[in-house]
There are 4 protein chains.
Amino acid sequence: MIIVMKSGTPEPEIEQVCETMVAWGFSPEKIVGKHKVVIGLVGDTVDLDPLQIQENNSWIEQVLRVEQPFKRASRDYRHGEASEVVIETPNGPVAIGEHHPVVVVAGPCSVENEAMIIGTAQRVKAAGAKFLRGGAYKPRTSPYAFQGHGESALELLAAAREATGLGIITEVMDGADLEKIALVADVIQVGARNMQNFSLLKQVGQQDKPVLLKRGMAATIEDWLMAAEYILAAGNSQVILCERGIRTFDRQYTRNTLDLSCIPVLRQLTHLPIMIDPSHGTGWAAYVPTMAKAALAAGTDSLMIEVHPNPPKALSDGPQSLTPDQFDQLMAELAVIGNAVARWPEKAPELAGVL
Amino acid sequence: MIIVMKSGTPEPEIEQVCETMVAWGFSPEKIVGKHKVVIGLVGDTVDLDPLQIQENNSWIEQVLRVEQPFKRASRDYRHGEASEVVIETPNGPVAIGEHHPVVVVAGPCSVENEAMIIGTAQRVKAAGAKFLRGGAYKPRTSPYAFQGHGESALELLAAAREATGLGIITEVMDGADLEKIALVADVIQVGARNMQNFSLLKQVGQQDKPVLLKRGMAATIEDWLMAAEYILAAGNSQVILCERGIRTFDRQYTRNTLDLSCIPVLRQLTHLPIMIDPSHGTGWAAYVPTMAKAALAAGTDSLMIEVHPNPPKALSDGPQSLTPDQFDQLMAELAVIGNAVARWPEKAPELAGVL
Amino acid sequence: MIIVMKSGTPEPEIEQVCETMVAWGFSPEKIVGKHKVVIGLVGDTVDLDPLQIQENNSWIEQVLRVEQPFKRASRDYRHGEASEVVIETPNGPVAIGEHHPVVVVAGPCSVENEAMIIGTAQRVKAAGAKFLRGGAYKPRTSPYAFQGHGESALELLAAAREATGLGIITEVMDGADLEKIALVADVIQVGARNMQNFSLLKQVGQQDKPVLLKRGMAATIEDWLMAAEYILAAGNSQVILCERGIRTFDRQYTRNTLDLSCIPVLRQLTHLPIMIDPSHGTGWAAYVPTMAKAALAAGTDSLMIEVHPNPPKALSDGPQSLTPDQFDQLMAELAVIGNAVARWPEKAPELAGVL
Amino acid sequence: MIIVMKSGTPEPEIEQVCETMVAWGFSPEKIVGKHKVVIGLVGDTVDLDPLQIQENNSWIEQVLRVEQPFKRASRDYRHGEASEVVIETPNGPVAIGEHHPVVVVAGPCSVENEAMIIGTAQRVKAAGAKFLRGGAYKPRTSPYAFQGHGESALELLAAAREATGLGIITEVMDGADLEKIALVADVIQVGARNMQNFSLLKQVGQQDKPVLLKRGMAATIEDWLMAAEYILAAGNSQVILCERGIRTFDRQYTRNTLDLSCIPVLRQLTHLPIMIDPSHGTGWAAYVPTMAKAALAAGTDSLMIEVHPNPPKALSDGPQSLTPDQFDQLMAELAVIGNAVARWPEKAPELAGVL
């Protein structure tokens, strides 16, 4: 931590700051510059809040942090090594991480009925997906919009899991539902709107299932890693980070701006595995394949793609859903790039007539 | 709702869209333009999601909403009249609304101890505040930062309420805490980070205490009103909207950008009363008085100001807190403008030596 | 300037950085922290670019600037004193600055014809404006939109100046037009879209007329002050900063987000006088009076208000223009607040029937 | 164009609007909805400004545009076909467009001296670049930073062109320099900060050299296409669009947010070819290769990469420059993906020891 004093700060004020820092257990080292005095703090400053220091003396101009505020999420915490999240599914363990083939998650925004969810699961499995996504509890901007089928949808997800062996990823919106969701889900999703719902983060951190943490739409990368830190600090080390588009000034043609540069940035900062969701990231099915391919080339560890058997009839998010046929086509195109960059599963699944 | 067809759409596709709309219970009216055909939907389209229509036919270029998506929050819902929120406090009822004097809420970010909270309450009451703010449960970016004293802080707030007669405003972060918070709080705050925690919105909507709904840092005004709509639709009509700064590209000198233009915009769109929080809105005590005065001149119905007896020692948000003396000074400056615009309480409270 | 080395940097690398800094004329001082080494640079680092240092050694994690990058624009440059811009107009000198009454600039977006510009000038003068604004050269998003009447509009501005004695503010879009604009204008405006047109900044800096520098819509306050620095460094010290709304994620109800918190921030950073333009800042006439009052309460030194005799027939920017009657009303409302805060001209101009 | 009237608009007001529209040459068609009346305008509304209509009657709630505001830049203008820009270079014509292999532009931010620019040109040519970029006139945030060597740098670019046969891309900042730049440059660049410098756009539109139009950092895609429309409308049809990162709330780890989703969006909206600049788009060399690969997978037509022989000694933009060795490595990695997606030049250039 570096304390910058205002130019013209009287010497006794500088001494007062130094003494306070000593009292707090740090060794202050003073650098007298041409215009300003700067104080470096030596000691374990990771948990220190720059704002707390700032308040000590009105002659402090700014406090600059030198250490990152996240610990368990940092790459340094694992000495530069990537971590992987290994998820047990009926079809066997699936590992998501930098040193594994890209894992594809697919399925509808909402679980609508049994035929629909099982049919979709079979199609996406046949095309190579390892996980089925599907919402039982849906965060909707309007209280009058379809809010998800809740508990009964969880049963349908369980049926789809049994029918196909795919792992299940579904969202929790309320800690009170966590237990029943955990009975069905292989990965529990925290949605973008709850990324800083700290109560929920603590609760998913205190249970055992892996957590998919979506980036909030105005969350900086640091905010996002701090949200992951809540889960890690609560005891759950199985966290996957999912970028799904951020909010910018241009929302005319895409609903969000998919920030693919988060991939190389996260690689430097954290050991956690990365997922990209181009469906929410763009909001329009027409743009999903392009951005999925870009994410793959940029080195994502997994992809989340919305697939619906009949998008025009979808109860939610239809415009961003691919049809199963479009998804087959996308998987074929992804395989071309995935093979070129050696991140695609070795044997392409047979696109046999599962249905 | 207006459906715009792509140029060159074949006639049968247009017919298909019209037939679907008839089947959905609307009367479609077609306008054949020079390049494009446009279909207007007559009927009750308020609950309709433009995206649902969009998915019906790939020849649809866009769907334009003509009605606002919020109903109970809209100004039209009260035929253009403002609503007021009247809160019973030990000192008597306090009304917040367009036709009442500006109400000032003040107090520390976090409740720290009894002497501190009661002392602050006495000072802000003496200066003219009607409500004490103070956090028992604190949303903090870092899991390692002070998270609030929780239940014991609620007891201290109750003590401060008894000692001063001020109403209490405090934040709920988890629906499970709602009942015990409601025992103490006169107004329940939903924080910016939980503005789209829809489970929580439903829960605060199902209880009786007035709700202060802070704007999310990337929430559009429409998102914000839709969040209010969740509370209203759940049965609670006592909602106050609080602007506390939005996130923009410039975060170097202020922590957020306080969007005061929300005041005239909300006046047109909604009947709900408005509060402005310049403390979070700027993040620095030095900027709070200026922005409080601007908010008053812009017609806010209430102000929320962070006050701490000793900001350098605050457990949270110190840099944006005024001292009680600075708060006295601010109230005197506000009175000048408030009196000029006839929004200030008639009798200025005596700034007697309460402490 | 502070250089932060990555954790684990080998000693010789640190030495290399220190030696380079010595070679560049600075005295490096090293602080050995628990995890990282930090090097403070003593010397005249104002002109140094942090990026230049960063490139010297790949073990450098970051370079933190302690000094501000602007000099002549900084408040320190005038030892904490505000500057004022005094403009000679036919009606006498008008001073814009922190210690003077608020100066109001009003007029249409574009100069349309003689009757219109002279009539408007007479009305705004009668209401208390000291300057007439009016565009001869207009920056328009579309090449097919009205681009301003150019040179002939300059003649009309000269006529309005003669008829009313008001000072003239008009925009330059091309350095080649500067000379002829300077013959008519008392203040030369650089528009938001040209705020980083550095060639133009140098050119307006090399002539004598005061310059009104509008903030770019994505310009940070630092960018803006650096743009002012271009003008100051070129030799022209008469610069006024004009906030006109920044671009954010919410553009549904206002065209820009008027950042009034720039006022207290600029007061700390710079000595230059401040103008606020609520017309462009909101984009809608209905919101202009509210935001003008807020700006006044926040301490602006001047206001720019669009006024058009018949907004529905305006060739540009009609929706944000007040009618002369609305402007009269606004000036009366501003006087109430302006008098309360002692920033309004002593004698209110007579609102006599000039027309 | 669709005019939405406020609910409760009196019939005569609706009639007034319709009559005005008839007078303007349009056929208004009225749809009477449940709450609101909507008027569709039939006729050639492309050049019409929604704001102009809005101002006609205060009962108008909003005016919705159905047609795009750009014409010559629109995909429809070429009946859905892509255009290509073919540039004559000493090494032969190079086509940039959707149906051609990806073209790589490389070189330093600024032209520093002859050895440096010729050496860099030889290296990037050997690695497969077809164009050399290099700044003679540099837009710098600070007036005290290196502003480019100007005219003498143009001579060095001419020398590099002669030595290697590469085409030259360099930026114009002032219309007065255009003629001398056009003597050397094969493509003239308009930088992000001048994207809405409409005078400059008209000037580059009136000359013959192809224009590279960088997206402004707060420009929407529509703003950007309207800027291109200025050039096209002035008579120059050779325009390439270059995305270089937009400004968002998160600037901690990348200097801008590279918006790769502009690629599929632009493909639908415009026929113009696309270039991606990951160097400015991220601001850090470490992130450039990843984003270059992503852009290639997303279907860009060309890439612009900053390469400097010795980034730590660069006079500008060093931290985002690759070394020639890193560029060789990147080109090899790009070839893998480029070959997989069939957008790479057939014969890889020999990486012979040119230097």
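**Exercise 1. State whether Arg65(A) is buried, partly exposed or exposed, then find its salt-bridge partner and what the pair joins.**

Solution.
- Step 1. In this predicted model, Arg65(A) has a relative accessibility of 27% and counts as partly exposed. The class runs between the cut-offs of 20% and 50%.
- Step 2. The partner is Glu222(A), and the closest N and O atoms of this salt bridge are 2.8 Å apart.
- Step 3. Arg65(A) sits in the loop between β4 (60–64) and β5 (84–89) of chain A, while Glu222(A) belongs to helix α7 of chain A, so the salt bridge ties together parts 157 residues apart in sequence.
- Step 4. Glu222(A) has a relative accessible area of 14% and is therefore buried.

**Exercise 2. Locate the salt bridge of Arg133(B) and Glu306(B) in the chain and give the burial of both residues.**

Solution.
- Step 1. The two side chains meet at 3.6 Å, N to O. A salt bridge requires a distance within 4 Å, and the pair is one by this rule.
- Step 2. Arg133(B) is in strand β8 (residues 131–133) of chain B and Glu306(B) in strand β14 (residues 302–306) of chain B; the pair links distant parts of the chain, 173 residues apart.
- Step 3. Arg133(B) and Glu306(B) are both buried.

**Exercise 3. Show which helices the salt bridge of Arg123(C) and Asp328(C) ties together.**

Solution.
- Step 1. The N to O distance between the side chains of Arg123(C) and Asp328(C) is 2.9 Å.
- Step 2. Arg123(C) is part of helix α3 (residues 114–127) of chain C, and Asp328(C) is part of helix α11 (residues 324–340) of chain C, so the pair ties together parts 205 residues apart in sequence.
- Step 3. Both Arg123(C) and Asp328(C) are buried.

**Exercise 4. Describe the surroundings of Lys214(C).**

Solution.
- Step 1. Lys214(C) lies in strand β11 (residues 211–214) of chain C.
- Step 2. Its relative accessible area is 3%, so Lys214(C) is buried.
- Step 3. The side chain of Lys214(C) makes a polar contact of 2.6 Å with the side chain of Asp277(C).
- Step 4. Beyond neighbours within four places in sequence, the contacts of Lys214(C) include Arg133(C), Trp224(C), Cys242(C), His280(C) and Met304(C).

**Exercise 5. Characterise the interface of chain A and chain B.**

Solution.
- Step 1. Contacts join 46 residues of chain A to 47 residues of chain B.
- Step 2. The buried area between the two chains is about 3,900 Å², and carbon and sulfur atoms give 53% of this area.
- Step 3. Two salt bridges are found across the interface. Arg247(A) forms a salt bridge with Asp223(B), with the closest N and O atoms 2.7 Å apart.
- Step 4. The interface also has 20 residue pairs in polar contact, both residues being at pLDDT 80 or more.
- Step 5. On the side of chain A that touches chain B, α2 (50–54), α6 (198–205) and α7 (221–233) of chain A each supply at least two residues. The largest share, five residues, comes from α7(A).
- Step 6. The residues of this side of chain A divide into 17 nonpolar, 13 polar and 16 charged.

**Exercise 6. Give the domains of chain A, the distance between their centres, and the members of a salt-bridge network in this chain.**

Solution.
- Step 1. The domain assignment gives domain 1 (2–65) and domain 2 (84–340).
- Step 2. Their C-alpha centres lie 44 Å apart.
- Step 3. The network of salt bridges links Arg75(A), Glu98(A), Arg267(A), Asp301(A) and Arg343(A).
- Step 4. Over all chains, the structure holds 80 salt bridges.

Methods: Residues are numbered from 1 along each chain as its sequence is written. Chains are lettered from A and ligands numbered from 1 in the order in which they are written. This is a predicted model: local features need pLDDT of at least 70, side-chain atom pairs count only at pLDDT 80 or more; totals for chains, interfaces and linings use all residues. Side-chain values use heavy atoms; hydrogens and water are left out. Contact means heavy atoms within 4.5 Å. Buried area is the accessible area (1.4 Å probe) that two parts lose on being put together, summed over both. A polar contact is a pair of N or O atoms within 3.5 Å; within protein, one must be able to donate a hydrogen and the other to accept it, and residues adjacent in sequence count only if both atoms are side-chain atoms. Helices (H or I, at least four residues) and strands (E, at least two) are DSSP runs, numbered from the N terminus. Ala, Val, Leu, Ile, Met, Phe, Trp, Tyr, Cys and Pro count as nonpolar, Asp, Glu, Lys and Arg as charged, and the others, Gly among them, as polar. Domain bounds come from an automatic or database domain assignment. Buried means under 20% relative accessible area, exposed over 50%, partly exposed in between (1.4 Å probe, protein chains only).
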